[in-house]
Amino acid sequence: MTNNTGKKDKRFQATEYGLAFGHFTYLLSDCQEVVVDLQGWVTANGKGLTYLTDPQIHSTKTPRGPSNFGGRGLRYFLEEQHGPECNSICQLLKLPPVLRKPESLRTYRF
Ligand SMILES: [Zn+2]
């Protein structure tokens, strides 16, 4: 659904769930990590379960590596994959905008 660079597959609505999950993980980690590169499938007619697997994490808290692009990975997610506007899933979850400055997120509690 998403990969670990700037690409996303818009053919599947499930991609929106993956991007919203990335948005959530970014906020939950205090803007230091994001879960990307989700693979998965949707059961039957798309109204059932969505299985997600094979995540990668871009983190500024752990050493960079082959799949952890650190801050560059965070920027890829924010600017290319998620973009400045939240999708319908982010909006349903009432996630704060992703491109706010980190300081302003400290008032948001999960
Ligand atoms: Zn969002």
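From the N terminus on, the elements of this chain follow the order α-β-β-β-β-α-α. That comes to three helices and four strands, here in a predicted model. Buried residues account for 26% of the 110 residues in the chain. Looking at contacts between residues at least 6 apart in sequence, 50% join residues at least 24 apart.

Let's start with helix H1. Its 15 residues, 14-28, reach 21 Å from the first C-alpha to the last, close to the 21 Å expected at 1.5 Å a residue. Just after H1, Asp30 adopts a positive phi of about 60°.

Which residues of H1 are buried? They are Gly18, Leu19, Ala20, Phe21, Gly22, His23 and Tyr26. The elements that these buried residues pack against are listed here.

| Partner of H1 | Residues |
|---|---|
| Strand E1 | 33-36 |
| Strand E3 | 50-53 |
| Helix H2 | 70-82 |
| Helix H3 | 88-93 |

Now for the nonpolar interior. The largest nonpolar core has 15 residues, and Ala20, Val34, Val35, Val36 and Phe77 are those with the most contacts inside it. At least two residues of this core come from each of H1, E1 and H2. H1 gives the most, with four residues.

Val35 is a good place to zoom in. Leaving aside residues up to four places away in sequence, Val35 touches Phe21, Gly22, Thr25, Pro55 and Ile57. Two of these partners, Phe21 and Gly22, are also among the buried residues of H1.

Notes. Residues are numbered from 1 along each chain as its sequence is written. This is a predicted model: local features need pLDDT of at least 70, side-chain atom pairs count only at pLDDT 80 or more; totals for chains, interfaces and linings use all residues. The expected span of a helix is 1.5 Å times one less than its number of residues. A residue is buried if 20 or more other C-beta atoms lie within 10 Å of its own, exposed if 12 or fewer, and partly exposed in between; C-beta atoms are placed from the backbone. Two residues are in contact if their C-beta atoms, placed from the backbone, lie within 7 Å. A nonpolar core is a set of buried Ala, Val, Leu, Ile, Met, Phe, Trp, Tyr and Cys residues joined through C-beta atoms within 7 Å.
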